[in-house]
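Please work through the following exercises with the sequence and the structure at hand. Each task is followed by a solution in steps.

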Amino acid sequence: QVQLGESGGGLVQPGGSLRLSCAASGFTFSFYVISWYRQAPGKERELVATITSTGSSTNYADSVKGRFTISRDNSKNMVYLQMNSLKPEDTAVYYCNAHHVSLATVDYWGQGTQVTVSS
């Protein structure tokens with residue numbers, strides 16, 4: 001059974017930090033590109049960060065460059081999103097996505113974790 005489970009969300013003050021985790025099971029994790037997306041109320045889901053299957057390359061949305069860091073541990077089937085210098089506009093539900101490196105139709109999503117940045 002394929003599972004992607006996000007954790008680590010919560011309420012944080014502006015300027016604070018959070019680390020999100022995504023635990024994967026039920027599929028060959030190292031065959032998948034992993035991304036973090038987010039969706040704020042009333043807005044479309046947007047891509048935040050992506051890491052390749054080996055972890056050798058990452059990519060970020062302009063809005064989070066220099067503040068967020070995506071990483072993965074293929075030995076533990078885990079992906080992380082370290083979020084620093086958080087802003088109120090980072091408030092959203094954050095989702096983990098796994099996309100097969102060569103099979104375009106194979107795509108898995110987690111249930112999301114809420115991040116709220118507010119004083």
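## Strand β9 and its partners

In this predicted model, strands β4 (residues 32–39) and β9 form an antiparallel pair with 8 bridges.

**Exercise 1.** Determine which residue of β9 is the bridge partner of Arg 38.

*Solution.* Begin with the pairing of β4 and β9, which is antiparallel. Then locate Arg 38 and look across to β9: the partner is Tyr 94.

**Exercise 2.** Identify how β9 pairs with β10 and with β11.

*Solution.* Step 1: consider β10 (residues 107–109), which runs antiparallel to β9 and is joined to it by 3 bridges. Within this pairing, Ala 98 has Tyr 108 as its bridge partner. The two strands form a hairpin, with 6 residues between them.
Step 2: turn to β11 (residues 113–117), which also pairs with β9 in the antiparallel sense, over 3 bridges. Here Ala 92 lies opposite Val 115.

**Exercise 3.** State whether strand β9 is mostly covered or mostly open, and relate it to the largest nonpolar core.

*Solution.* Step 1: take residues 92–100, the extent of β9; 7 of these 9 residues are buried, that is, under 20% relative accessible area.
Step 2: examine the largest nonpolar core, which has 31 residues. Trp 36, Leu 81, Met 83 and Tyr 94 have the most contacts inside this core. Among the elements that give two or more residues to it are β4, β8, β9 and β11.
Step 3: inspect Met 83. Beyond its neighbours within four places in sequence, its contacts include Leu 18, Phe 68, Tyr 94 and Val 115.
Step 4: place this in context. In soluble globular proteins, nonpolar side chains tend to be buried together.

How values were computed. Residues numbered from 1 in each chain as written. Predicted model: local features only at pLDDT ≥ 70, side-chain atom pairs only at ≥ 80, totals over all residues. Heavy atoms only, no water. Buried < 20%, exposed > 50% of the residue type's maximum accessible area, 1.4 Å probe, protein only. Helix = DSSP H or I, 4+ residues; strand = E, 2+ residues; numbered from the N terminus. Pairing = 2+ DSSP bridges. Core = buried A, V, L, I, M, F, W, Y, C linked by side-chain atoms within 4.5 Å. Contact = heavy atoms within 4.5 Å.
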